[in-house]
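Here is a short report on a single protein chain. Please view the sequence and the model first, then read on.

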Amino acid sequence: MKQYLVSGMSCAACQARVEKAVLKVPGVESCAVSLLTNSMGVEGTAKPEEIMRAVKAAGYEAKEKADSGARSTACQGEDILEDTETPALKRRLVCSLGFLIVLMYISMGHSMAGLPLPEGLAGNPGTQGLLQLLLTTAVMIINRKFFVSGAKSILNKAPNMDALVSLGAASAYGYSTWELFVILDLMNKGLSKQAMMTLHGLYFESGAMILTLITVGKMLEARSKGKTTDALKSLMKLTPDTAAVEIDGEERRIPVGELNIGDIFLVRPGENIPIDGTVIEGVTGVDESTLTGESIPVDKGEGSRVYAGTTNCNGFIRCRAICRGEDTTLSKIIQMVSEAAATKAPIAKIADKVSGVFVPAVIAIGVVTGVIWLLLGKDIGYALGRAISVLVISCPCSLGLATPVAIMVASGKGARNGILFKTSAVMERTGRTTIAVLDKTGTITQGKPEVTDILPGKGTTAEELMETAYSLEIKSEHPLANAIIAKAEELSLSAFPVSEFEALTGHGLFAKAGEDRILGGSMDFLESRIPEAKAFRQEADRLSEEGKTPLVFSKGNAVLGIIGVADTLKEDSTKAIAELKNMGIRVVMLTGDNKRTASAIGAKAGVDEVIAGVLPEGKEKAVRKLKEEGVVAMVGDGINDAPALTSADIGIAIGAGADVAVDAAQVVLMKNSLLDVPAAIRLSRGALRNIHQNLFWAFFYNCLGIPLAAGAFVKLLGWQLNPMFAAAAMSLSSFCVVTNALRLNLLNIYDPGKDFRIRNKNNKSEEKEIVNMEKTIIIEGMMCGHCEAHAKKALEAIDGVEEAIASHTAGNAVVTLSKEVSDAELRSAVEGEGYKVIEIR
């Protein structure tokens with residue numbers, strides 16, 4: 001998406017006009033304009049020059065956002081988000097108030113409150129009128145921006161809010177000027193009494209008050225809008241301006257933007273890290289809360305990764321830069337939050353459609369209002385007052401700001417807590433999740449096997465069992481071996497030398513220690529070589545039912561015992577899953593593990609459903625099937641999760657995950673905590689709730705305000721609205737919308753106390769288990785396409801096999817099952833056709 005800065009927009013009608021103009025450019029696929037940040041995101045093949053030309057033709061200005069290094073990018077971003085509007089509006093307001101106070105004193109203070117006027121003014125309506133004209137003219141010149149912007153929009157046949165304000169003020173000014181000539185004529189004729197009565201019908205103070213009150217509203221709105229981007233601005237300020245680098249053995253200070261890959265930079269305690277890098281010397285703790293929201297410092301040593309914008313707490317470190325400024329994790333976060341704000345949420349489309357026709361409709365209503373009151377016999381001053389009230393009370397801004405301000409505040413809130421939404425649409429969709437699909441390894445579990453049980457046999461000590469296992473497994477590269485090695489090192493055990501090491505087919509290891517044969521592996525492997533191992537079968541089955549992998553070890557002809565290894569649950573997994581279920585979300589665990597292990601872990605974690613025995617392609621199919629039942633959020637961290645993340649309605653990469661997973665996901669969780677999943681859903685629901693409130697207020701305000709201003713309730717209730725009060729109401733409407741959005745900063749996204757259950761007709765309260773959706777059969781002996789056809793036909797003849805795909809080149813057959821089918825039945829079918837089954841997984 002190409003980003004542009006757009007200037008000259010003042011309301012939602014301007015935003016709609018720019019979008020409409022850019023979408024007409026050939027090659028533009030999509031366009032999203034943000035009134036909040038005065039930015040525009042465009043996708044497609046159209047040239048930037050053509051896009052900027054289209055914006056200019058619509059009456060606005062556009063320029064490209066330039067790309068540069070980390071600090072310069074941040075500086076540019078700070079410049080873009082810097083609140084230059086509030087100070088300018090404040091100056092305009094102060095000057096306008098100076099003239100308005102004098103004008104109000106002359107026009108209303110004397111006649112209504114009996115306040116004294118200087119001699120020569122009190123009894124001279126002509127002089128009073130001329131003075132009011134001059135003071136109002138001064139206020140109009142100070143606020144000329146309304147008239148310039150309004151005139152441009154009318155000339156471009158796309159009237160905006162400024163057109164409404166300028167038409168209202170100009171109508172009051174024009175009518176009052178005409179009446180002033182009438183007063184002067186009456187004075188010339190000596191009719192001072194009639195002239196004084198006509199003076200009370202002037203609307204100079206209304207025109208000046210309208211402009212001043214709208215300026216007050218604009219200032220409050222600009223100030224509040226500035227606060228909505230506070231989170232993004234704070235991220236941009238994290239990167240230091242300069243970095244200490246080593247050049248030819250000397251330390252020098254250079255701008256961060258000049259750092260290149262491979263440069264050696266130095267970071268002292270208390271300093272912010274300038275760029276992503278790897279520690280090559282030193283030990284320290286780094287506060288990464290700016291990226292992850294986690295306040296506890298992370299220990300760093302040689303080989304550890306450090307990130308730009310994080311704070312070095314206590315040690316001196318030398319690091320090597322591994323990327324340029326624009327590619328740092330912090331820069332990507334800033335870019336992600338900015339692009340999310342630049343995109344359009346589907347819920348905003350209603351407001352956009354209304355905004356596109358709102359101003360012309362209001363002008364038409366204003367004209368009709370004036371004509372109707374004239375036809376009803378009212379004088380021109382009364383009719384004009386009602387028409388002006390209609391023009392100035394109408395507020396398209398509140399409609400245009402209802403969605404983007406809430407999205408920007410929520411995006412900033414998420415970024416501060418390490419939760420990143422890539423688009424506004426995905427933020428909206430996340431809150432509507434009805435099914436959460438969680439990958440097991442690395443998401444629900446630690447993703448790192450650990451020794452959980454050491455069960456020595458009779459006459460063997462735990463130390464002897466672990467020492468033997470350590471000596472054998474230290475030669476292996478299997479992940480389970482790493483768990484045993486880590487445990488042995490934790491217990492400070494020593495490995496004795498072994499020879500003739502061999503990894504044997506059938507899940508086992510063999511080696512010799514002197515004359516003794518050492519074996520280690522699965523229960524089946526040990527039983528096939530040492531019959532006495534059967535005595536340990538019951539214990540091994542118990543461990544398997546608990547979701548653990550039992551590894552049996554022997555020395556000589558004696559079975560030493562069993563070591564249980566498992567990928568343990570993360571500390572917060574059970575709590576996170578309980579919170580998701582409490583929200584009314586059905587939780588499904590997806591894994592390639594076998595039925596027994598997956599079921600045990602699923603039961604411990606408390607998920608509603610387990611889908612086991614699936615390969616990466618199978619995960620994608622499972623997600624696609626679940627999408628038929630509701631809105632699916634897929635949570636994963638690995639490369640093998642990428643297809644499922646892409647297929648899901650919402651793909652969530654946890655713990656920053658693998659690069660492929662992050663690219664495939666639409667929501668990125670920087671921390672490796674499953675609690676961030678319900679937090680992201682809470683944040684999305686909070687933003688949606690806030691948007692609904694804003695849209696309700698914007699529509700309600702206009703639906704009630706316009707008839708009130710037109711005088712629809714005069715006969716019924718006696719209500720009528722002075723143009724000055726109409727202007728005050730308009731000024732506050734946008735301010736209320738923006739202030740309401742800022743309440744999202746108070747939302748505690750980790751508090752489950754206020755969670756509500758969504759209605760989900762497909763939610764299943766009872767636990768359901770779908771096991772072994774897919775099995776892969778390793779087959780020896782298939783030589784050609786005919787062999788594949790024979791194997792396929794034999795497998796698909798089995799009840800419960802939906803589909804079988806055999807491949808002689810891969811040497812396997814992948815079967816999709818609709819119900820549980822035993823391995824023995826599958827093996828029998830294949831071997832009945834004359835092929836050998838090596839393994840079923």
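The face of helix H2 (residues 48-57) turned away from its buried side carries three exposed residues: Arg-53, Lys-56 and Ala-57. Here exposed means over 50% relative accessible area, buried under 20%, and partly exposed in between, with a 1.4 Å probe and protein chains only. Helices (H or I, at least four residues) and strands (E, at least two) are DSSP runs, numbered from the N terminus.

This is a predicted model, in which local features need pLDDT of at least 70, side-chain atom pairs count only at pLDDT 80 or more, and totals for chains, interfaces and linings use all residues. Residues are numbered from 1 along each chain as its sequence is written, and side-chain values use heavy atoms, with hydrogens and water left out.

Back to H2. Its buried residues are Ile-51, Ala-54 and Val-55. Seen down the axis of H2, they fall within an arc of 100 degrees, so they line one face of the helix. The arc is that of the directions from the helix axis to the C-beta atoms. Gly-59 follows H2 and has a positive phi, near 105 degrees.

The whole protein chain has 31 helices and 31 strands. Of its 841 residues, 54% count as buried. Among contacts between residues at least 6 apart in sequence, 70% join residues at least 24 apart. Contact means heavy atoms within 4.5 Å.

Next, two helix placements. Axes are lines fitted to C-alpha atoms, for helices over the stretch in contact, and angles run from 0 to 180 degrees between N-to-C directions.

| Helix | Set against | Angle |
|---|---|---|
| H21 (residues 537-545) | H23 (residues 595-605) | about 55 degrees |
| H31 (residues 823-831) | E31 | about 155 degrees |

The axes of H21 and H23 are 8 Å apart. H21 and H23 are therefore oblique to each other. Angles under 35 degrees count as roughly parallel, over 145 as roughly antiparallel, 65 to 115 as roughly perpendicular and the rest as oblique. Asp-541, Ser-544 and Glu-545 in H21 meet Arg-596, Thr-597 and Ala-600 in H23.

H31 lies across strands E28 (774-780), E29, E30 and E31. These four strands form an open antiparallel sheet in the order E29-E30-E28-E31. E29 (801-807) and E31 (836-840) are the edges, each with a single partner strand, so one side of each lacks a neighbour in the sheet. Two strands pair if DSSP finds at least two bridges between them. Six bridges join E29 to E30 (residues 812-817). Ser-807 has Asn-812 in E30 as its bridge partner.
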